[in-house]
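Q: Please take a close look at a single helix in this structure, then work outwards to other parts that can be described in the same terms.

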2 protein chains.
Amino acid sequence: MFAFRVTATDGKARTGTLHTPHGPVQTPLFMPVGTQATVKGLTPAELHQVGSQIVLANTYHLLLRPGPELVARLGGLHHFAGYQGPWLTDSGGYQVMSLGHMRTITEEGVTFRSHLNGDLITLTPETSIQVQEHLGADIIMAFDECPPYPSERRYLEASLERTLRWLERSVRAQTRKDQALFGITQGGTDLELRRRSTRETVRFDLPGYAIGGLAVGEPKEKMFPTVALSTDLLPEDRPRYLMGVGHPEDLVAAVGLGVDLFDCVYPTRTGRFGYALVPEGRLNLNSARYKEDPRPLMEDCDCYACRTFSRAYLTHLVRAGEMLGLRMLSLHNVRYLHRLMEAARAAIREGRYAAFAWAFAERRFAGHPPAWFLEALRAGGHEPPGD
Amino acid sequence: MFAFRVTATDGKARTGTLHTPHGPVQTPLFMPVGTQATVKGLTPAELHQVGSQIVLANTYHLLLRPGPELVARLGGLHHFAGYQGPWLTDSGGYQVMSLGHMRTITEEGVTFRSHLNGDLITLTPETSIQVQEHLGADIIMAFDECPPYPSERRYLEASLERTLRWLERSVRAQTRKDQALFGITQGGTDLELRRRSTRETVRFDLPGYAIGGLAVGEPKEKMFPTVALSTDLLPEDRPRYLMGVGHPEDLVAAVGLGVDLFDCVYPTRTGRFGYALVPEGRLNLNSARYKEDPRPLMEDCDCYACRTFSRAYLTHLVRAGEMLGLRMLSLHNVRYLHRLMEAARAAIREGRYAAFAWAFAERRFAGHPPAWFLEALRAGGHEPPGD
């Protein structure tokens, strides 16, 4: 029911297919986030149109509203939300830390107050898995703790050890056989702790592994060496998921290091804030700069927004606070990341990932890529073409 | 370039085709409102899918932002907003009264402060027409004053006389030949004043006429006799547009009296407030009532929302404040009104408008239609079937 096949590699980068009960997904892949069982503003049909292959939902939010039993009674996420492709749910661990009020962490789990109504709720490895079984995603995540950055080494160490014990309980709690349970490594950017966490996590021989606890505020100079170490230690025949990462340059660098899956609210959130992703960075449509610009957001983009509207009209919509503007920017931004990963897959298949990544950097950084990006590419075996 | 052909009548009800430079529209017809050159939340493609044939935009809003010259430079509304079907712009007269601050009405026009930035702006018949020529809609409206309800008879009378003088100036101000200028009758619900306004307005021999100044708070018992008088006096070979009307029962009653065109923010606004139009009235998806209901909003509706989502999921989206919920309810509600008018056109063609209207009333009013509705139907020559 689950299988992961790497079909081509180029340096550390790889492309492949992850088979799920609701269809195959091509990696490397960006997964849009549907926090409340909806990718904000987009329909299932639009997700298919822009090339989404798997959608993420947040256990924390759906636990609070509408509740996992209700989702289960209505047929699980696929049927409830009308998106019939694969789903992935996180464990709630990250959101409990970032959104729950008055949280208390014990060996048993995390107790917190709902940000919606103040209800006292305890989430444990067992209840997280139970909730995720009710939600019914194709891929579910082990319950973990995601420490903030920076954290004391002693705290990181105690936390990762607890996360390993929670992983064991998560594995034991799983009863459904049609869901793949992924483990999550922690350890912050401490390479020794990350190594320990990764080695202990892969001993569980799970169908996939996530690199957790990154993109929480640490500098990129610390994040990418941690990713590089992780992909060196994670088994080659299992998918690798870098959680919470969605900036285009981070995707290109991490794919070069052998990451297969990503998720982030970035494309939809920055769209709702009035920004459009383009190869050079972002267009800010809140400003007056593009208000008479008849061009599409991106000349060669095939999304509905680019095929239909000018920057001038989208600027008007954003400045007027019109829902259609935010919707179109979200659509374009998700499409942008999907096309970026499509191009990455093609480049890996054709053995030209270095050329792809350096050409990306040339536009994104106007010829001056930062050191962390160059080092990540080199660590993935992608020397600049011509060097 | 403009022509209106009545192809069938049934009592006072009629169906026909209004030809415009951007294509024909079938009447009777509901026109969704795109205040800021966008029907809130819907794309041009979705408007076509749900059966929209002509879209209204508000001169007042577009005058303030992004400005008519900018819209003209970007190719007019059709090109600017990417909706290539026919457009209609109002004159700004109504919005000036309802939204402008510190407005002063003189013989010259209306001076007001922008609700956006406080700028002092004067709108006159001449500038209203000029702005509408820049916007480039297929149908433009004469500049009028829409008095509030209730107004003193003396005020109504002075106002309608001024609106007639403004109509003359509007007609003289028109320079483009590819736009049809409609006149607007006033006089509130005072039948003598309405008669005078209508008789004087039709002397201008315009390509179409609007019944203005209704649906501003007056009881239906006063509104519909005014509509009936108006359609008796308006020429049979010109389209009749009842401005600001969009409740399903009002449409069915007014079509029975021979009205051809309607506009209202109602379907999109009530959708954004979490309500879905159904034959029985409205479903309130803010409540918990439908939170486990697996049925679509309406069993036999062909809109994307009804084909894809349950009431339970839409309730979840509305209660979670998700954009997709408001978007789907707007889509459904616009589709609902378009299907209602499609059914009305078919009923008129087939000589069974009375049966159609009474069957509508049976569901809408649970078998107890209000007196104003029955009187309106009878005034249109639609006796209850079997009577």
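A: **One helix and its surroundings**

Helix α7 of chain A runs over residues 153-173, and its 21 residues should span 30 Å at 1.5 Å a residue, which agrees with its end C-alpha atoms being 30 Å apart. The expected span is 1.5 Å times one less than the number of residues; helices (H or I, at least four residues) and strands (E, at least two) are DSSP runs numbered from the N terminus. This is a predicted model in which local features need pLDDT of at least 70 and side-chain atom pairs count only at pLDDT 80 or more, while totals for chains, interfaces and linings use all residues. Residues are numbered from 1 along each chain as its sequence is written, chains are lettered from A and ligands numbered from 1 in the order in which they are written, and side-chain values use heavy atoms, leaving out hydrogens and water.

The buried residues of α7(A) (under 20% relative accessible area, 1.4 Å probe, protein chains only) include Leu156(A), Leu160(A), Thr163(A), Leu164(A), Trp166(A), Leu167(A), Ser170(A) and Ala173(A). Arg162(A) and Arg169(A) are also among the buried residues of α7(A). An α-helix has 3.6 residues a turn, so residues three or four places apart point the same way. Strands β7 (101-105), β8 (110-113) and β11 (180-185) are among the elements of chain A that cover this buried set, as are helices α6 (125-135) and α8 (191-202).

Helix α16 of chain A (residues 371-379) can be read likewise: Trp372(A), Phe373(A), Leu374(A), Ala376(A) and Leu377(A) are buried there. Their cover includes α9 (220-233), α10 (248-256) and α15 (353-364) of chain A. After α16(A) comes Gly381(A), with a positive phi near 85°.

In chain B, helices α10 (248-256) and α16 (371-379) pack at about 25° with axes 8 Å apart; axes are lines fitted to C-alpha atoms over the stretch in contact, and angles run from 0 to 180 degrees between N-to-C directions. The two helices, α10(B) and α16(B), are therefore roughly parallel (an angle under 35 degrees). Glu249(B), Asp250(B), Val252(B) and Ala253(B) of α10(B) meet Trp372(B), Phe373(B), Ala376(B) and Leu377(B) of α16(B), contact being heavy atoms within 4.5 Å.

A turn of 180° and a shift of 0.0 Å along the axis lay chain B on chain A with an RMSD of 0.0 Å, by least squares on C-alpha atoms of residues with pLDDT of at least 70 in both. The two copies are thus related as by a two-fold rotation axis. In chain B, the C-alpha of Met323(B) is nearest that axis, 3.9 Å from it. Both copies use the same surface, since 100% of the contact residues of chain B recur in chain A.

The unreviewed UniProt entry annotates Cys301(A), Cys303(A), Cys306(A) and His332(A) as "binding site"; such annotations, with shortened feature names and positions in the numbering used here, may be inferred rather than shown by experiment. These residues are spread over 32 residues of sequence but cluster in space, with a largest C-alpha distance of 8.2 Å. Cys301(A) sits in the loop between β16 (281-284) and α12 (304-308) of chain A and counts as buried because its relative accessibility is 8%. Beyond four places in sequence, Cys301(A) touches Cys306(A), His332(A), Arg335(A) and Arg339(A). Cys306(A) belongs to helix α12 of chain A and, at 9% relative accessibility, also counts as buried.

Conventions:
Buried < 20%, exposed > 50% of the residue type's maximum accessible area, 1.4 Å probe, protein only. Parallel < 35°, antiparallel > 145°, perpendicular 65-115°, else oblique.
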